Amino acid sequence: MTSADRKIPPASQDVEQLARELRAGDRTVLSRAITLIESKRADHRRSAAALMQTLLPHTGQAVRVGITGAPGVGKSTLIDALGSMVTGQAHKVAVLAVDPSSRRTGGSILADKTRMARLANDPNAFIRPSPSSGTLGGVAAKTRETMLLCEAANYDVVLVETIGVGQSEIAVADMTDFFLVLALPGAGDELQALKKGVVELADMIGVNKADGDNIPRAKLAASQFSAALHILSPRSPHWSPPVVTCSAQSGDGIEALWSHILDHKTRLAACGELQARRGEQQVKWMWTMLEERLFEPLRSDRALKSALPRIEAEVAAGKLAPASAVEKIAAMLTRA
């Protein structure tokens, strides 16, 4: 048994009791529940499913915000400033910071917590850094379930930070209500970002580090983004993405940023789009989890794991057609 397994409640434990303790706001229980849903053991998975079903009626009230941006844009520092301001307004904030993991070793930096010094010591904040571990899109496999657990534990603001590479933006946009894209002033990539399609997902663009000598450059970058947004179709017919300048260091613009987030939720909730969007996200979540379950034997079945390198080598050498390889693997999955 691993140290992680020892932190998980026994599969036979009363799920109702665990749910009650989590609902009472016990941070230790919340951490144990997250460890439970991250476990790959079959008995833990059954307990986790029962726990999620029990807690489902107590979720859905939080403001869900996804935050992305290129490395170095100041995501963690901004989250620290925004989260601290929000907890000062009697909110409880959960930060789910997905860290890059090595595909080769599985190692993770997990440094976000050190860059959120104020939130890390705030009794009304909960930070859960978790390695992506090669998950498609850079989002930890159980980030969505973790978000719901935090909501059930009475955290009414959930901030999900993506590592800002690959397809992580799409994954985070598909699990949150509001998607904030951060950019740097004068970085020369204002319009280049359009090619990645990230701006098309944005509910707001924030030009960070708008302080000191950077202020003129930040205003210029903001005007360029505003002009570019006019030629794009917004995600919602009920919301035109604003472009704001802000500084995580000085705090300038943070209050306005939060005001836009609340305004967005009010508007989309009033027209029914918020509930519809969340329903679509739930269905996508279901299919994603099903895909993970179907492909699990490729990671856990010894016979399959030992056969895959040989099949890959045959495909690479031109001895086996990819279509034939797929048929062979599918047949092995059927038998697994």
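Modeller: Contact here means heavy atoms within 4.5 Å. The model is predicted. By that rule, and leaving aside neighbours within four places in sequence, leucine 149 is in contact with Leu22, Leu30, Ala33, Ile34, Ile37, Leu51, Met52 and Leu55.

Biologist: Which residues touch the most other members of the largest nonpolar core?

Modeller: Leu22, Leu30, Leu51 and Leu149 do, in a core of 46 residues. Helix H3 (residues 27-38) supplies the largest share of this core, six residues. Apart from it lies another core, of 31 residues, including Val95, Met116, Met204 and Leu257.

Biologist: What makes H7 mostly covered?

Modeller: Ten of its ten residues are buried. Buried means under 20% relative accessible area. Among those that pass are Arg144, Glu145, Leu149 and Glu151.

Biologist: Why is strand E1 (residues 63-68) called largely enclosed by the rest of the structure?

Modeller: Because six of the six residues in E1 are buried. Val63, Val65 and Ile67 point one way, Arg64, Gly66 and Thr68 the other, and all are buried.

Biologist: What joins E1 to E4, and how do they run?

Modeller: Five bridges join E1 to E4, and the two run parallel. A pair needs at least two bridges, so five will do. Glycine 66 has valine 160 in E4 as its bridge partner. With strand E5 (residues 178-183), E1 shares four bridges, again parallel. There, isoleucine 67 is partnered by leucine 180.

Biologist: What makes arginine 64 and glutamate 151 a salt bridge?

Modeller: The N to O distance is 2.6 Å. The cut-off is 4 Å, so the pair qualifies. Both residues are buried. Arginine 64 sits in strand E1 and glutamate 151 in helix H7, so the bridge ties together parts 87 residues apart in sequence.

Biologist: How many salt bridges does this rule count?

Modeller: Twelve. One of these pairs is arginine 277 with glutamate 273, at 3.3 Å. Both lie in helix H13 (residues 273-300), four residues apart, about one turn of the helix. Both are buried. Asp203, Arg235, Glu273 and Arg277 are linked in a network of salt bridges.

Biologist: How do you know that glutamate 314 forms a salt bridge with arginine 310?

Modeller: Their closest N and O atoms are 3.8 Å apart. That is within 4 Å, so the pair counts. The two are four residues apart in helix H14 (residues 302-316), about one helical turn.

Biologist: Why does glutamate 314 count as partly exposed?

Modeller: Its relative accessibility is 24%. Partly exposed lies between 20% and 50%, so glutamate 314 fits. Arginine 310, at 42%, also counts as partly exposed.

Biologist: Which side chain of opposite charge is nearest to aspartate 122, and how far away is it?

Modeller: Arginine 27, at 7.2 Å. A salt bridge must be within 4 Å, so this pair fails. Aspartate 122 is buried yet has no salt bridge. Aspartate 122 lies in the loop between helix H6 (117-120) and strand E3 (125-131).

Biologist: What makes aspartate 122 and threonine 87 a polar contact?

Modeller: Their side chains come to 2.7 Å. The limit is 3.5 Å, so the distance passes.

Biologist: What sign does phi have at alanine 90?

Modeller: Positive, about 75°, although alanine 90 is not a glycine. Alanine 90 is in the loop between helix H5 (75-87) and strand E2 (93-99). At 71% relative accessible area, alanine 90 is exposed. The threshold is over 50%.

Biologist: Where is asparagine 154 found?

Modeller: In the loop between helix H7 (143-152) and strand E4 (157-161). Asparagine 154 also has a positive phi of about 75°. At 36% relative accessibility, asparagine 154 counts as partly exposed.

Definitions and conventions. Residues are numbered from 1 along each chain as its sequence is written. This is a predicted model: local features need pLDDT of at least 70, side-chain atom pairs count only at pLDDT 80 or more; totals for chains, interfaces and linings use all residues. Side-chain values use heavy atoms; hydrogens and water are left out. A nonpolar core is a set of buried Ala, Val, Leu, Ile, Met, Phe, Trp, Tyr and Cys residues joined through side-chain atoms within 4.5 Å. Buried means under 20% relative accessible area, exposed over 50%, partly exposed in between (1.4 Å probe, protein chains only). Lys and Arg count as positive and Asp and Glu as negative; His and the chain ends are not counted. A polar contact is a pair of N or O atoms within 3.5 Å; within protein, one must be able to donate a hydrogen and the other to accept it, and residues adjacent in sequence count only if both atoms are side-chain atoms.
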